[in-house]
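Trainee: I have a new model open and would like to go through it with you. Where shall we begin?
Mentor: Let us start with the inside and work outwards.

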Amino acid sequence: MSQPSEFYSRWRYRLFPDHLVGEVLAKNWIDNAIPFLILVTSVGFFSFFIEDLFAPYSLSDNGRQIGELLLVVFGMTIVMMAGGIDLSVGATFALSTFCSLAMFNYFELPVAVVIVTALLIGALIGALNGFLIGFLRLRAFLTTLVTLIMVRATFDTLVLNYQVEVSMAMRLSDAWDFIGNGDLFGVPVSFVVAATIGVLAHVMLTRLGIGWRIQAVGGSRRSAFNAGISVRRTVFYTYVLSGTLAAAAGVFYASRLGAAGSDTGIGLEVSALTAAVLGGVSLGGGRGSIAKALLGALIVIVIQSSLIRLGLRSGANTLVLGLLLLLAVAIDVKWLKNRFKVLAKVYVSPGYLRLPEIGRIDATSDYRDNNRLADVTLIGLEEVEGPEDVILDNDDNLYCGSRHGDVIRFFGPDHKRWEVYGHIGGHPLGMAFDRNGNLNVCVSGMGLYQITPQREVRKLTDETNRSLLSVIDDSRMRFADDLDIAPDGKIYFSEATIRFNTDEWMIDALESRGNGRIICYDPASDTTRTVLPKLMFPNGICVAHDGKSILYAETWPCKISRFWLEGPRKGKVDPVMPALPGYPDNINRSSDGHYWCAFVGMRAPAFDLAQRMPAFRKKMVDRIPHDEWLYPNMNAGCVIKFDETGKVLECLWDSKGVNHPMITSMREHKGYLYLGGSLNNRIGKWKIPGADPTWTGMADYWGAK
Amino acid sequence: MLGRLKDWYDGFRGAGEYAITVPPMDGALRPNTELDQAEPLFEWPAPDNIVAVGAQVRFSSGCDVLGFSPGGAPGLVAHHSADVTALAAYGEAMATGLASGEVLIAGGPHDGKRLVASAALAITCPVALAFQDADTLLIANGSDRHGASEWRHDLLTRGATGSVWAVDLRGGAGRCLARNLAWPRGLVALGGDRVLVSEAWRSQLVVVRPGAASDPVLTDLPAYPGGITASGDSGYFVCLFAPRRRLTELVMREPAYRDRMMAEIEPEYWISPSLRPMQSYYEPLQGGTLKKLAMIKPWAPSRSYGLIVQLAPDFGPLRSFHSRADGTRHGISSCAVIGDRIVAASTGGDIVFALDLGGNG
């Protein structure tokens with residue numbers, strides 16, 4: 001029964017890529033998205049009201065102001081990233097302006113001396129802050145507030161007494177004018193200097209030891225201390241840097257305007273703080289970057305100069321900045337706190353999946369329940385954990401993976417004793433021997449690995465070509481699942497999903513999107529290419545008996561398909577079993593020229609219906625905890641044998657689920673069938689009635705030894 | 001207006017009325033495995049409605065009423081034309097409720113009396129019976145909309161159309177004591193004209209009396225309460241026949257999914273509580289119930305559960321007996337107190353067993 005609402009949801013979920021929201025939110029650069037949006041919005045908003053906001057002369061004038069502000073903001077950012085705050089930057093800026101003017105106009109010192117001395121004054125004020133806060137461990141806020149008052153008072157006294165003397169511009173100097181009003185390739189000098197310092201600061205913060213120490217101290221003082229970082233000295237340096245940069249800005253201001261008044265540098269600390277926080281530099285420390293500071297400074301400049309152009313009085317201007325700062329702080333706190341919560345909520349994005357109606361399994365069905373697997377012999381009971389796949393070699397030794405990241409070898413013929421054959425580190429899933437006896441293993445979370453007969457573990461590949469339009473980085477392998485090897489030595493393997501880790505594989509069932517793919521690794525050229533993208537949890541892979549195609553199972557859509565490697569339909573896909581009653585897992589060859597397939601679980605009607613109602617699954621994910629979610633029924637499973645036309649020949653059940661509630665793989669070897677389960681703690685061995693007692697997979701693939 | 005806004009916001013955030021929570025099993029309800037360890041008496045398919053009649057114990061199974069003496073094997077007492085939905089005894093008299101909407105009296109002064117649902121006596125779904133005195137029978141009608149076997153329908157549609165009736169057996173006139181109850185599955189006559197009723201879907205016990213609003217005395221149970229039995233020391237035993245799960249609560253609040261599920265899928269495969277441990281791979285599975293290392297974890301959110309809670313005379317829980325997700329004695333709707341033992345029928349576990357109270361109750 002198809003309902004009108006289902007027609008809507010089918011197209012709604014096919015056309016709108018819900019999953020991208022979560023993938024974008026998971027990116028690191030998303031932190032910069034909000035400030036960037038604010039910048040774009042404010043630029044758009046003000047250019048609507050002010051016609052010539054971006055006229056050349058306006059830009060150039062703004063450029064000089066930006067340069068000065070940027071220097072101060074960079075200093076503030078560095079301090080904040082170490083977990084502090086510097087309120088004295090405005091006063092330092094003002095004092096530096098006054099001193100530069102005094103030295104240049106009144107004492108007529110050389111320009112170089114003027115600059116160096118001004119910077120030294122700034123560094124000294126910073127060193128005072130740094131000493132008090134870093135070494136004496138005073139509170140950053142109060143201490144810099146006091147410094148602000150003290151430096152400001154000094155500046156005010158000086159201005160009151162000597163304002164006229166220092167502002168009398170009697171002296172001419174090209175160098176001085178160049179600093180204040182010159183251009184380099186049409187760009188204001190102060191902006192060029194700020195940009196250069198920005199690049200240096202970025203390199204320092206992200207690539208040098210001091211930068212890492214600053215971030216470590218800001219992230220967690222105690223951990224940084226325990227890691228052996230000199231917290232006090234690091235904090236000290238940040239204030240020295242901040243003071244020096246504020247003084248540098250003062251020099252530019254002095255050379256640009258040639259005057260200092262009582263309002264010089266007033267409110268600069270608010271502008272700088274607003275810029276830093278608005279850009280996304282966290283007040284708590286540890287989070288921030290020069291790029292963020294740049295974004296924030298641009299926003300503040302655009303808003304400030306636009307407001308002036310619109311004729312707002314300077315008091316109102318500060319009020320707007322204050323409101324902006326409040327908003328930025330609120331966003332900062334809320335965003336930091338809730339980002340991962342939001343991500344967790346929006347990441348799972350169920351799609352629409354309608355499985356074919358096949359009715360219920362009854363007494364006449366090919367899949368009818370029997371308890372033929374009741375008489376399995378158990379191997380490694382409570383000794384292995386998570387044997388997803390099993391395989392046997394020519395000497396009847398049995399290999400399986402374990403959850404602990406080992407490949408375990410049980411010694412033939414009785415499989416009572418075992419050893420760790422190779423330690424890989426991730427949970428080994430599918431396994432296959434190649435022509436030379438190398439054991440190739442898909443390892444969850446790691447990629448495709450190989451264990452040589454000399455027991456050397458080698459990585460074959462862990463990345464493939466990145467697809468053009470994926471938001472998530474799909475070049476790395478997240479969930480290599482099962483593999484098989486073609487006669488030409490190429491290894492075809494499935495990656496079940498690129499959106500979830502192995503332990504979250506059932507969440508992929510709730511999504512039921514084309515999150516998986518089949519990848520081909522060519523050992524001859526050591527290249528890896530994705531051959532079939534956008535499959536729904538591709539799982540088992542088996543090269544057909546004639547070696548001309550591969551059969552692969554897609555778990556959530558309950559189907560088995562064939563991918564042609566050669567012949568007239570090379571590169572094409574044909575359905576083999578389009579409507580299974582259960583969820584197919586591994587596929588392997590049987591001795592009589594057919595194939596075995598394990599069902600990891602069975603289709604439950606309530607889940608099938610939920611697959612057709614993505615909004616319901618979304619709500620479920622939102623509202624109830626993980627353990628309570630509706631899953632496919634994976635407490636029951638069976639093994640089927642099918643032929644190349646897709647006809648079911650046999651069906652084997654452990655109907656009570658005593659030993660094998662969930663079967664993920666089976667392997668035929670010398671008349672027996674060996675059963676594995678990715679969540680089980682045993683391997684089953686079952687005698688196949690009438691099977692060829694000499695048939696082995698090794699001989700069938702690679703010929704008799 | 002403000003209420004509507006809050007309602008909309010709650011719906012958006014999943015708060016308030018829209019919060020999907022289930023009380024934890026804690027305090028006196030802390031889980032144990034006592035039901036699974038209790039002494040088995042005999043296995044029988046789907047036993048239910050167990051009741052003590054003198055020294056004998058009677059119970060129902062499908063259309064049959066059976067009886068056994070302690071230590072003896074069960075023997076057929078009566079066979080009815082429809083499923084037996086409730087039993088009650090008073091001295092020699094026994095009342096039997098049938099799914100067809102009838103209540104039959106056997107033995108005692110009103111032997112042979114037959115009550116049939118009518119407009120004046122809405123007992124189409126008699127799911128609990130109790131004698132108030134020799135001449136007055138209390139009948140709980142589970143729902144006006146659904147029959148006794150359609151309890152899942154009533155739960156998922158959040159039905160609250162049940163009622164409790166007091167019938168004078170001398171004349172046959174019925175008097176309604178309370179209406180709009182959510183599946184009253186258990187009854188005990190208290191002193192005076194008060195009646196203790198278990199409201200399964202609201203997970204609470206209420207005391208009803210004619211002409212007064214029902215008074216909740218024990219609320220927020222983590223499972224659906226069924227039969228109540230008075231214990232010797234003026235306390236009570238209440239049998240909770242199925243667990244509340246958040247997924248079920250979610251489905252009740254999602255009419256789009258619920259209605260299609262109820263229309264398209266067989267009831268035993270619905271997302272709903274069940275009396276039996278999982279039997280078919282067509283039943284829905286919740287994440288925590290996935291078998292790991294070939295076992296179900298006891299804390300798993302299973303569809304079925306076994307739980308008997310002992311209550312003090314003031315209805316506060318004293319202690320509890322559990323059969324958890326990995327146990328089998330699930331779906332216990334009724335128990336009988338014989339001396340210092342409880343005899344209980346596990347409908348889902350197909351077994352009748354006796355629980356020793358050990359005298360320290």
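**Cores, strands and a contact**

Mentor: This is a predicted model. Its largest nonpolar core has 209 residues, and those with the most contacts inside it are B:Leu129, B:Val164, B:Leu187, B:Ile308 and B:Ala344.

Trainee: Which residues is B:Leu129 in contact with, leaving aside its neighbours within four places in sequence?
Mentor: Start from the core, where B:Leu129 is one of the residues with the most contacts. Its list of partners includes B:Ala86, B:Leu87, B:Ala88, B:Ala95, B:Gly97 and B:Val103. It also includes B:Leu137, B:Leu138, B:Ile139 and B:Leu187.

Trainee: How many residues are in the other core, which lies apart from that one?
Mentor: Look at chain A for some of its members. Among them are A:Ile38, A:Phe155, A:Ala246 and A:Ala248. The size of this other core is 93 residues.

Trainee: Is B:Ile228 buried or exposed?
Mentor: Find B:Ile228 in strand β18 (residues 223–230) of chain B. Its contacts include B:Leu187, B:Val188, B:Tyr236 and B:Val238. The cut-off for burial is 20 or more other C-beta atoms within 10 Å. Because B:Ile228 has 24 C-beta neighbours inside 10 Å, it counts as buried.

Trainee: Which residues of strand β8 of chain B point to the buried face?
Mentor: In a regular strand the side chains alternate between the two faces of the sheet. Strand β8 (residues 102–106) of chain B follows that alternation. B:Glu102, B:Leu104 and B:Ala106 point to one face and are not buried. The buried ones, on the other face, are B:Val103 and B:Ile105.

Trainee: Which residue stands opposite B:Val103 in β9(B)?
Mentor: First place β8(B) among its partners. It pairs with strand β7 (residues 93–98) of chain B in the antiparallel sense, over 5 bridges. With strand β9 (residues 114–116) of chain B, β8(B) runs antiparallel and is joined by 3 bridges. There, opposite B:Val103, stands B:Leu115.

Trainee: Which residue in the turn between β7(B) and β8(B) has a positive phi?
Mentor: These two strands form a hairpin with 3 residues between them. Along the pair, B:Thr96 stands opposite B:Leu104. The phi in question is about 90°, and the residue is B:Gly101.

Trainee: How many residues of β13(A) are buried?
Mentor: Take the strand, residues 491–495, one face at a time. On one side A:Ile491, A:Phe493 and A:Glu495 are buried. On the other, A:Tyr492 and A:Ser494 are buried too. That gives 5 of its 5 residues.

Trainee: Which residue in β14(A) is the bridge partner of A:Tyr492?
Mentor: β13(A) pairs with strand β12 (residues 480–485) of chain A, antiparallel, over 4 bridges. On that side A:Tyr492 is the bridge partner of A:Asp484. Strand β14 (residues 516–522) of chain A also runs antiparallel to β13(A), with 5 bridges. In β14(A), the partner of A:Tyr492 is A:Cys520.

Trainee: Why does A:Asp643 count as partly exposed?
Mentor: A:Asp643 is in the loop between β23 (638–642) and β24 (648–653) of chain A. Beyond four places in sequence, A:Asp643 touches A:His594 and A:Leu649. Partly exposed falls between the limits of 12 or fewer and 20 or more. A:Asp643 is in that range because its count of C-beta neighbours inside 10 Å is 14.

Trainee: What separates the centres of domain 1 and domain 2 of chain A?
Mentor: Domain 1 covers 18–344, and domain 2 covers 372–463 + 475–702. Chain A has a radius of gyration of 35 Å, while a compact globule of 705 residues would have one near 27 Å. Its C-alpha atoms fill a box of roughly 110 × 60 × 45 Å. Taken over C-alpha atoms, the domain centres are separated by 58 Å.

Trainee: Which element gives the largest share of the side of chain B that touches chain A?
Mentor: The contact takes 31 residues from chain B and 35 residues from chain A. On the chain B side, α4 (246–253), α5 (255–264) and β20 (285–286) each give two or more residues. The largest share is 5 residues, from α5(B).

Trainee: Which residue of β20(B) is the bridge partner of A:Tyr631?
Mentor: Here strands from the two chains pair. Strand β22 (residues 630–631) of chain A and β20(B) are antiparallel, over 2 bridges. The partner of A:Tyr631 is B:Leu285.

Definitions and conventions
Residues numbered from 1 in each chain as written. Chains lettered and ligands numbered in written order. Predicted model: local features only at pLDDT ≥ 70, side-chain atom pairs only at ≥ 80, totals over all residues. Contact = placed C-beta atoms within 7 Å. Pairing = 2+ DSSP bridges. Domains from an automatic or database assignment. Core = buried A, V, L, I, M, F, W, Y, C linked by C-beta atoms within 7 Å. Rg over C-alpha atoms; globule rule 2.2 N^0.38 Å.
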